[in-house]
Each structure stands twice: as C-alpha cells, then as structure tokens.
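Colleague: I am new to this structure and would love a close look at one part. Could you walk me through the salt bridges?

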Amino acid sequence: MMIDLRSDTVTKPTDTMRQLMAYAAVGDDVYEEDPTVNELESYAAKLLGKEAALFTTSGTQGNQAALLTHTVPGQEVLMDDEAHVFIYEGAAISAFAGAQSRTLPHQGGQIALDVLKKSVRSDDIHYPETGLIWLENTHNRGGGTYLPEAYLQEVRAIADQAGIPVHMDGARLFNAAEASGMSAAHIASFTDSVQFCLSKGLGAPVGSMLAGSTSFIRTARKKRKMLGGGMRQAGVIAAPALHALKEHRALLKHDHEHARLLAEAIQSSTDLTIRHNVQTNIVVADTDTSKYSAEEWVQLLDQEGIRIIQYKPEALRFTTNSDVSREEVETVCRKLASIQ
C-alpha cells in the first residue's frame, strides 16, 4: 500500500462518515430546505463568529463567490504573488469577476505592510479602484505558514482606513488556528469574509464553507448559483463535512507533529534542504543541493511506496494528513535515509 503525502485532499471518508452519508436527512438546498446543510452552515458560522455561512462545492467556488460578492468588474484585488487564487484557480478572478489581480511580493504570505498600504489606489481617473485585500492562511506556496495576529491587525487597520473589505482564503484555516494558538473565530474577526476547506486537513470528502455577514452570504448564495453550485439533496455530503468539522479539528496537531518529524529526517539524513520553517502540515524540500532532481526524487520515493509531488522546478512537497499514521511517517523517514 502506498503512503500518500501528495496532499491532505487525498484522504478517504471514515466508516462513520460513510454511515452518516447513507442516512443523512436531506431536502432541496436551492430552496434552503436541506436540514443537514442548514445545520452545517449554522455551525460553521458560529464557529467562525460570523452571522452566516454558505456550503460550497470547493474552495475555488467559495473564493470566486466571495470575489463576485465583494467586487465589481474593473476593480483591483491586492494579493501576494503566490496566492492560490492567482496561481491555481484558472484565472477565474478575471474570467468571472472581471477583476484585476495586483500581485505583491511576500514572505510566508505576508506582504510588507508599507507596500500593501502604498498599493491601495488613489482616486485617479487613470487607475482601477482597489476593491478588496486578499489574504491566504495558511499559505500554500509559503510552506503552510500561518499569518500572525499582529500582521492581521495591521492589515485590518489598512483596510479600514481605505474603506475596503478583507477576504481570507483560509483553505487550511484550522491548521492555522492549531499552530498559532488563536481560535478560528479570532482569526476570522480580522476579515469581512473567510473561506475554509472541509476536504483538506479536516478530511471530509467534499466541500468548503464561505462565511461572512448575513447580507454578504445572501448575495454570495446567488453568486454560487451562477457558478453552478446550486445543490439539491446535498445533505449526503454535508453530513460527513459536519462530522469532520466537529470531530477532526483536534486531530490536526498530529499532522503538524508528523510534518516536523519528516522535516527533521529530511534535514538530517538526506541532501535535501528544508525551505520553510515547518509550522503546520506542509514540508517543502529544495533539491538544488541534491544529486537527484525533483523529478528523480518523486520517482525514487514512488518506487519505495511513497507518493509526494514536485512542488516547484527544484522543490518537493510532503503533506501530512489524517490517513497517514505516525508509524507510516517513521517508515517514510527510514526510506528517506536509505536513498543514497
């Protein structure tokens, strides 16, 4: 059996989840009559300290519904230059919302505050309006780093001064909460809206949540319908998502411990170099000091029954998840040390 460290999206539903799927109470969610979806949305909103929440099919759909709700065509969105919405969402921000991405350098998802402040457009006929500030937490291409409280406070202050909203792509929001010691609600308090994935670290088979004010979610619900996200008897996928949200947050600390164990083994027993301080469940290893290329490392580990991904031209990504036990992580560590 393969040990799959490609992503935390590869997890399989637990037996409990499958039972919940089979017997979920359902209704037509377009009419807002699915009791399981309604319970999930209510629970998620309370957990994040927001007035309302919306169940979406994916993080990308949640992000795009947020963009369509916050902005109008021709506006500009400030974000870091490796944001998921910029790199991995098929240019949907321009194709659907008609908005322009203004990408800025970052470190671990943090744009220098003076750069961010100066990037808010002045009132000039030549310029687009700044419609939104975009945050990502944890930051995928930043190696799973979380945004510290002081940074969130400063970004909120810049946004308030400029009179523009803040959206957080919190695909791995609960990883950020676990690692930072802040509650998810406290993190979300610095934003006008937040999206988080149920199908990443939490281990649900499908779905994400978008949360914000009642009026924001009312509009976002219509935008979700425009994006093809009007679901019918969606309780069959909301049930395992609700279970994951209630029961699996406490398991994330184990994924973080496993990631640190992997990072230590990589650093001590291979010629790879750890790129980022490992804070959550993502380990990025550079191959520029290795005698093997990134492609060769992927092949070598695959032959040992371990799946990872080539993350960048000269980097690998190992992502711990709830389907990989400590014993399996220790096996990976031994296999890494055996590759000469």
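Modeller: Happy to; here is a tour of the charged pairs. This is a predicted model, in which local features need pLDDT of at least 70 and side-chain atom pairs count only at pLDDT 80 or more, while totals for chains, interfaces and linings use all residues. Residues are numbered from 1 along each chain as its sequence is written, and side-chain values use heavy atoms, with hydrogens and water left out.

Side chains of opposite charge can pair when their charged atoms come close. A salt bridge here is a side-chain nitrogen of Lys or Arg within 4 Å of a carboxyl oxygen of Asp or Glu, and the structure holds 17 of them.

One of them joins Arg-172 and Asp-8, at 2.8 Å from N to O. Arg-172 sits in the loop between strand E6 (166-169) and helix H8 (173-180), and Asp-8 in the loop between strand E1 (3-4) and helix H1 (15-23), so this pair ties together parts 164 residues apart in sequence. Helices (H or I, at least four residues) and strands (E, at least two) are DSSP runs, numbered from the N terminus. Both Arg-172 and Asp-8 are buried; buried means under 20% relative accessible area, exposed over 50%, and partly exposed in between (1.4 Å probe, protein chains only).

Next, Arg-102 meets Glu-76 at 3.8 Å, N to O. Arg-102 belongs to strand E4 and Glu-76 to strand E3, 26 residues apart. Arg-102 is partly exposed at 25%, whereas Glu-76 is buried at 1%.

Within helix H7 (residues 149-162), Asp-160 and Arg-156 are four residues apart, about one helical turn. Their closest N and O atoms are 3.0 Å apart. Finally, salt bridges with shared partners join Asp-4, Arg-6 and Arg-307 into one network.
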